[in-house]
Amino acid sequence: LGITVMLTSCTDKSKLLARTWKVSELRYSREIPADMKPVIERSVEEMRKSFRLTYFTDGTYLSKMNGQQLKGKWKMNWNSSVLSSVPESGQPKDFKIISLTENDFTFEADEGGEKVTFVMLAEK
């Protein structure tokens, strides 16, 4: 039992997630068409300015963008490799955690069939 508790505590990164995050960068799995690049770049810049995602230790989260808020619940799987999110009014969604430290959080999301990697930084 002691070994199990030790192993679990080594891989549980939920305390690292419990803070406010802001977008640093978005990476797409496919090349963005040249005519779409300005639109995508403007969208990412707007996210950098206004999107904040706060995870709380009680398993709830709050996302804010342009004055709008979305609340929900979150949990990690046993080895902190998948983050499951359930918005108050929506379908559950899983995100693959690429890395999670005190200062950065990188995860992969499926956005309309396209894999997008979100690089987040802890808000100071």
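**Note on charge pairing and overall architecture**

1. E25 has a relative accessible area of 31% and is therefore classed as partly exposed. The model under review is a predicted one, and this residue is a convenient entry point to its charged contacts. The carboxylate of E25 is engaged by R27 in a salt bridge, with an N to O distance of 3.1 Å. R27 itself is partly exposed, at 40% relative accessibility.

2. A second pair joins K37 and E31, whose closest N and O atoms are 3.2 Å apart. Here the partners fall into two accessibility classes: K37 is partly exposed at 33%, whereas E31, with a relative accessible area of 65%, is exposed. The assignment of E31 follows because exposed residues are those over 50%.

3. The third pair is formed by R48 and E45, with 3.0 Å between the closest N and O atoms. Both residues belong to helix α3, which covers residues 37-50, and they are separated by 3 residues, about one turn of the helix. R48 is partly exposed at 32% relative accessibility, and E45 is likewise partly exposed, at 35%.

4. The pairs described above are among the 6 salt bridges that the structure holds. In general, side chains of opposite charge can pair when their charged atoms come close. For the chain as a whole, 19 positive and 17 negative side chains are counted. The centres of these two sets lie 4 Å apart.

5. Regarding secondary structure, the protein chain contains 3 helices and 8 strands. Read from the N terminus, the order of elements is α-α-β-α-β-β-β-β-β-β-β. Two helices thus open the series, a strand follows, and a further helix precedes the remaining run of strands.

6. As to overall dimensions, the C-alpha trace extends over about 60 × 30 × 30 Å along its principal axes. Of contacts between residues at least 6 apart in sequence, 42% link residues that are at least 24 apart.

7. On solvent accessibility, the chain comprises 124 residues, of which 31% count as buried. The exposed area amounts to about 8,300 Å². Carbon and sulfur atoms contribute 55% of that area.

8. Which accessibility class does R48 fall into, given its 32% relative accessibility? R48 is partly exposed, because that class lies between the buried limit of under 20% and the exposed limit of over 50%. The same reasoning places K37, at 33%, in the partly exposed class.

Terms used. Residues numbered from 1 in each chain as written. Predicted model: local features only at pLDDT ≥ 70, side-chain atom pairs only at ≥ 80, totals over all residues. Heavy atoms only, no water. Helix = DSSP H or I, 4+ residues; strand = E, 2+ residues; numbered from the N terminus. Buried < 20%, exposed > 50% of the residue type's maximum accessible area, 1.4 Å probe, protein only. Contact = heavy atoms within 4.5 Å. Areas by Shrake-Rupley, 256 points an atom, 1.4 Å probe, with all protein chains shown as cover. Lys, Arg positive; Asp, Glu negative; His and termini not counted. Charge placed at Lys NZ, Arg CZ, Asp CG, Glu CD. Salt bridge = Lys/Arg side-chain N within 4 Å of Asp/Glu carboxyl O.
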